[in-house]
Amino acid sequence: MNESEYQALIEASWRRSLTDDEQARLDAWLRTHPEAHNEWESESALNRLLDQLPDVPVASNFTARVLRAVERESAVVARNESVFDRVKQWFSRPAPRVAWALLIAGLLGFGYHQHQTNVRGEMAKGLSVLANVAALSDPAVLQDFEAIRRLAQSAPGDDEELYALLQK
Amino acid sequence: MLRVKQGDCGAFEELVEKYKQPVMNMVYRTLPDATEAEDLAQHVFLQVFKSAHRYEVSAKFTTGLFTIARNLCLNEIRRRSRHPAQSLDETFADDDEQPIRQAEDLRTFSPPDSLLHGELEAKVEEALAELPEKQRTAILMCRGDEFSYEDIAEVLDCSVSATKSLIHRGRETLKQKLKPYLKTGAWKEK
């Protein structure tokens with residue numbers, strides 16, 4: 001047996017008791033490798049400790065409670081299914097079908113009408129902007145627009161300075 | 001499980017009877033409160049019933065069962081961290097009409113034995129409770145021949161080598177914490 005086989009036996013011992021054959025091979029390994037003795041001792045002690053952990057007490061009516069919960073759940077599902085079936089049946093009749101078709105057609109028609117109204121409104125806005133542009137005076141009037149605009153931006157002190165210069 | 005899928009309630013009852021103990025052991029050691037653990041264990045089986053129609057023969061039932069159990073436990077732990085004062089009973093309010101749990105303690109020890117084993121059990125439970133959730137679940141699922149390392153890896157949603165590493169690290173921590181008991185051989189007394 002080699003080291004990896006020894007490790008495999010340790011891993012096997014984590015899950016179950018070793019078979020007689022495995023135990024014999026392990027004992028043989030431990031005789032030739034006394035340094036591994038302590039490790040195996042603690043491993044097997046921990047295994048026993050974990051094996052001895054008691055089961056958590058379970059209520060004697062646990063299964064009955066689970067079954068009752070399942071019954072309740074099934075009843076809810078059945079109720080939902082029956083509601084769904086009724087709705088399906090209602091839809092399968094001709095009158096509701098026609099009513100739904102008319103409602104959907106009406107909604108679509110209304111939506112289309114609203115869309116057309118919006119498009120026409122946008123077009124009217126565009127036309128009014130164009131009309132304003134057409135109403136503007138001759139572009140030659142705007143020739144000195146930039147110079148006039150700058151005049152308005154000059155500081156008040158500039159005018160007084162210019163006035164003083166002109167008086168001299 | 002195939003019978004349950006076909007709507008056989010008797011088969012479901014058999015499943016609950018067979019697996020209630022391992023599920024309770026796992027849930028209780030993740031949420032150490034007997035009443036809440038039992039409520040949660042019931043929800044585990046309810047989930048199993050609800051998802052029975054999706055069951056495929058290729059899937060191992062116990063792996064699915066423990067995956068559901070672990071996920072519900074993790075959800076509950078997350079819920080508790082968000083709402084620390086809220087009881088599980090409030091969440092599963094439709095269980096209010098259920099009768100009070102009837103637990104039966106079948107263990108009978110003479111007083112000195114019960115003291116010794118009581119202390120030892122408490123120490124082991126304490127050491128287990130202090131382990132990270134994945135290490136604890138891996139170690140608990142590892143004991144017994146029910147689950148292969150592949151099954152445990154599937155439940156924990158990690159690789160087989162990572163699972164073995166989790167078990168190894170968890171066991172090393174347990175050995176450190178329980179060293180005095182392992183050395184004195186107190187465990188041999190039982």
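This passage describes the helices of two chains, the packing between those helices, and the side of chain A that touches chain B, in a predicted model.

Chain A contains seven helices and zero strands, and its elements, read from the N terminus on, run α-α-α-α-α-α-α. Of the 168 residues in chain A, 8% are buried. In chain B there are 10 helices and, again, zero strands, so that reading from the N terminus on gives the order α-α-α-α-α-α-α-α-α-α. Buried residues account for 31% of the 190 residues in chain B. Among the contacts in chain B with a separation of 6 or more, 66% join residues that are 24 or more positions apart.

The two chains touch each other, with 29 residues of chain A in contact with 37 residues of chain B. On the side of chain A that touches chain B, at least two residues are supplied by each of helix H1 (3-15), helix H3 (37-51) and helix H4 (62-92) of chain A. The most is given by H4(A), which contributes eight residues to that side. By class, the residues of the side of chain A that touches chain B comprise 16 nonpolar, five polar and eight charged.

Two of the helices that supply residues to this side, H1(A) and H3(A), also pack against one another, at an angle of about 15° and with their axes 9 Å apart. Because angles under 35 degrees count as roughly parallel, H1(A) is described as roughly parallel to H3(A). The crossing of this pair, H1(A) and H3(A), is right-handed. A:Ile10, A:Ser13 and A:Trp14 of H1(A) make the contact with A:Glu43, A:Ser44 and A:Asn47 of H3(A). In terms of class, the contact of H1(A) with H3(A) consists of two nonpolar, three polar and one charged residues.

Within chain B, helix H3 (residues 34-50) and helix H4 (residues 61-82) have axes that come within 9 Å and cross at roughly 130°. This angle makes H3(B) oblique to H4(B), and the crossing of H3(B) and H4(B) is right-handed. From H3(B), the contact involves B:Leu40, B:His43, B:Val44, B:Gln47 and B:Val48, while H4(B) brings B:Leu65, B:Ile68, B:Ala69, B:Leu72, B:Cys73 and B:Glu76. Sorted by class, the contact of H3(B) with H4(B) has eight nonpolar, two polar and one charged residues.

Another pair in chain B, H7(B) and H9(B), has axes that come within 8 Å and cross at roughly 95°. Since angles of 65 to 115 degrees count as roughly perpendicular, H7(B) and H9(B) are roughly perpendicular to each other. The residues of H7(B) in this contact are B:Lys134, B:Gln135, B:Arg136, B:Ala138, B:Ile139 and B:Cys142, and they meet B:Thr163, B:Leu166, B:Ile167, B:Arg169, B:Gly170 and B:Arg171 in H9(B). The contact of H7(B) with H9(B) is made up, by class, of five nonpolar, three polar and four charged residues.

In H8(B), the buried residues are B:Ile152, B:Ala153, B:Val155 and B:Leu156. When H8(B) is seen down its axis, these buried residues fall within an arc of 160°, and therefore they line one face of the helix. The elements that cover the buried residues of H8(B) include H4, helix H7 (133-142) and H9 of chain B. H8(B) is followed by B:Asp157, a residue placed in the loop between helix H8 (149-156) and helix H9 (160-177) of chain B. The phi of B:Asp157 is near 60°, which is a positive value in a residue other than glycine. B:Asp157 counts as exposed, because it has 11 C-beta neighbours inside 10 Å.

A further position in chain B is B:Glu126, which lies in helix H6 (residues 111-129). With 12 other C-beta atoms within 10 Å, B:Glu126 is likewise exposed, given that a residue counts as exposed if 12 or fewer such atoms lie within that distance. B:Glu126 and B:Leu178 are 52 residues apart along the chain, and their C-alpha atoms are separated by 10.0 Å.

Technical notes. Residues are numbered from 1 along each chain as its sequence is written. Chains are lettered from A and ligands numbered from 1 in the order in which they are written. This is a predicted model: local features need pLDDT of at least 70, side-chain atom pairs count only at pLDDT 80 or more; totals for chains, interfaces and linings use all residues. Two residues are in contact if their C-beta atoms, placed from the backbone, lie within 7 Å. Helices (H or I, at least four residues) and strands (E, at least two) are DSSP runs, numbered from the N terminus. Ala, Val, Leu, Ile, Met, Phe, Trp, Tyr, Cys and Pro count as nonpolar, Asp, Glu, Lys and Arg as charged, and the others, Gly among them, as polar. Axes are lines fitted to C-alpha atoms, for helices over the stretch in contact, and angles run from 0 to 180 degrees between N-to-C directions. Angles under 35 degrees count as roughly parallel, over 145 as roughly antiparallel, 65 to 115 as roughly perpendicular and the rest as oblique. A crossing is left-handed if the near helix is turned anticlockwise from the far one by less than a right angle, and right-handed if clockwise. A residue is buried if 20 or more other C-beta atoms lie within 10 Å of its own, exposed if 12 or fewer, and partly exposed in between; C-beta atoms are placed from the backbone. The arc is that of the directions from the helix axis to the C-beta atoms.
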